[in-house]
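Colleague: I would like to go through this model and ask what stands behind each label. Please show it first.

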Amino acid sequence: MLKTYLAVMFGGALGTALRFWLSGVLAARYSETFPIGTLVVNITGCFVIGFFNTLTGSEGSFFASSLTRQVVMIGVLGGYTTFSSFSLQTLNLLHGGEWLRAGMNVLLSVVLCLVGVWLGHVLASLINQR
């Protein structure tokens with residue numbers, strides 16, 4: 001059991017580092033007036049979890065142990081995706097009177113993250129059919 005906890009914690013650290021790096025790159029490039037880094041992280045995280053879950057699930061083309069699935073989906077993607085950051089940034093936009101930006105952030109995050117997880121699932125399903 002300790003091995004599982006350590007592996008998931010390592011995955012979480014990796015995901016957190018990836019999130020920090022990508023959010024920083026996007027903020028430096030596009031400014032921080034809109035939380036584009038958080039949005040991109042959440043969309044890509046949704047895509048990856050949809051893809052990985054379908055590809056390595058019981059009907060999937062690739063076997064992944066329970067430990068591997070936990071490390072990737074709970075550890076790496078749990079550390080990588082940023083729903084708490086999304087919520088705080090949206091609240092800050094609302095407190096700043098940026099109602100349109102806050103609404104755009106909520107709408108784009110929910111819709112595009114659902115599309116991301118669906119696209120990941122569809123792509124992995126196509127691979128599974130091969």
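Modeller: A pocket here is an open set of grid points where a 1.4 Å probe fits, with protein on both sides within 12 Å along at least five of seven lines. The largest pocket holds about 350 Å³ of space. Keep in mind that this is a predicted model.

Colleague: What makes a residue part of the lining of the largest pocket, and how many residues line it?

Modeller: A lining residue has an atom within 4 Å of a point of the pocket. For the largest pocket, 19 residues make up the lining, and Ser23, Glu32, Pro35, Thr38 and Gln89 lie nearest its centre.

Colleague: Which helices supply at least two residues each of that lining?

Modeller: They are α1 (2-30), α2 (36-56) and α4 (83-95). The largest share, 6 residues, comes from α1.

Colleague: How many residues of the lining of the largest pocket are nonpolar, polar and charged?

Modeller: There are 6 nonpolar, 11 polar and 2 charged residues in the lining. Gly is counted among the polar residues in this scheme.

Colleague: Thr38 was named among the residues nearest the pocket centre. Why is Thr38 called buried or exposed?

Modeller: Buried means under 20% relative accessible area. Thr38 has 9%, so Thr38 is buried. Thr38 sits in helix α2.

Colleague: What does Thr38 touch, leaving aside neighbours within four places in sequence?

Modeller: Thr38 is in contact with Ser23, Thr82, Ser85, Phe86 and Gln89. The word contact rests on heavy atoms within 4.5 Å.

Colleague: How do you know whether Thr90 is buried or exposed?

Modeller: The relative accessible area of Thr90 is 8%. The limit for buried is under 20%, therefore Thr90 counts as buried. Thr90 belongs to helix α4, and beyond four places in sequence Thr90 touches Ala102, Asn105 and Val106.

Colleague: Now the cysteines. How many disulfides are found in the whole structure?

Modeller: The search finds 0 disulfides. The sulfur of Cys113 is the nearest cysteine sulfur to that of Cys46, at 3.8 Å, and Cys46 is in no disulfide. Cys113 is likewise in no disulfide, its nearest cysteine sulfur being that of Cys46, 3.8 Å away.

Colleague: Why is a pair of sulfurs at 3.8 Å not called a disulfide?

Modeller: A disulfide needs the two sulfur atoms within 2.5 Å. The sulfurs of Cys46 and Cys113 are 3.8 Å apart, so the pair does not meet the cut-off.

Colleague: What makes Cys46 partly exposed and Cys113 buried?

Modeller: Partly exposed covers the range between the buried limit, under 20%, and the exposed limit, over 50%. Cys46 has a relative accessible area of 21%, so Cys46 is partly exposed. Cys113 has 12%, so Cys113 is buried.

Colleague: What about the glycines: is Gly15 buried or exposed?

Modeller: Gly15 has a relative accessible area of 0%, so Gly15 is buried. Gly15 is in helix α1 and touches Val76, Gly79 and Tyr80, not counting residues up to four places away in sequence. From Gly15 to Thr38 the C-alpha distance is 13 Å, with their positions 23 residues apart in sequence.

Colleague: And why is Gly120 given its label, buried or exposed?

Modeller: The relative accessibility of Gly120 is 0%, and therefore Gly120 counts as buried. Gly120 lies in helix α5 (residues 99-128). Phe47, Gly50 and Phe51 are its contacts, residues up to four places away in sequence not counted.

Colleague: What makes the phi of Ser31 worth a remark?

Modeller: Most residues other than glycine have a negative phi. Ser31 is not a glycine, yet has a positive phi of about 75 degrees. Ser31 is in the loop between α1 and α2. With a relative accessible area of 33%, Ser31 is partly exposed.

Colleague: Last, the whole chain. How many helices and strands are there?

Modeller: The protein chain has 5 helices and 0 strands, in the order α-α-α-α-α along the sequence. Of its 130 residues, 34% count as buried. The chain exposes about 8100 Å², of which carbon and sulfur atoms supply 72%.

Note on methods. Residues are numbered from 1 along each chain as its sequence is written. This is a predicted model: local features need pLDDT of at least 70, side-chain atom pairs count only at pLDDT 80 or more; totals for chains, interfaces and linings use all residues. Side-chain values use heavy atoms; hydrogens and water are left out. Helices (H or I, at least four residues) and strands (E, at least two) are DSSP runs, numbered from the N terminus. Buried means under 20% relative accessible area, exposed over 50%, partly exposed in between (1.4 Å probe, protein chains only). On a 1 Å grid over the protein atoms alone, a cavity is a set of points where a 1.4 Å probe fits but cannot get out, and a pocket is an open set with protein on both sides within 12 Å along at least five of seven lines; lining residues have an atom within 4 Å of a point. Grid points are joined across faces, edges and corners, and a volume is the space filled by probe spheres set on the points. Accessible areas come from the Shrake-Rupley method with a 1.4 Å probe; for residues, only the protein chains shown count as cover.
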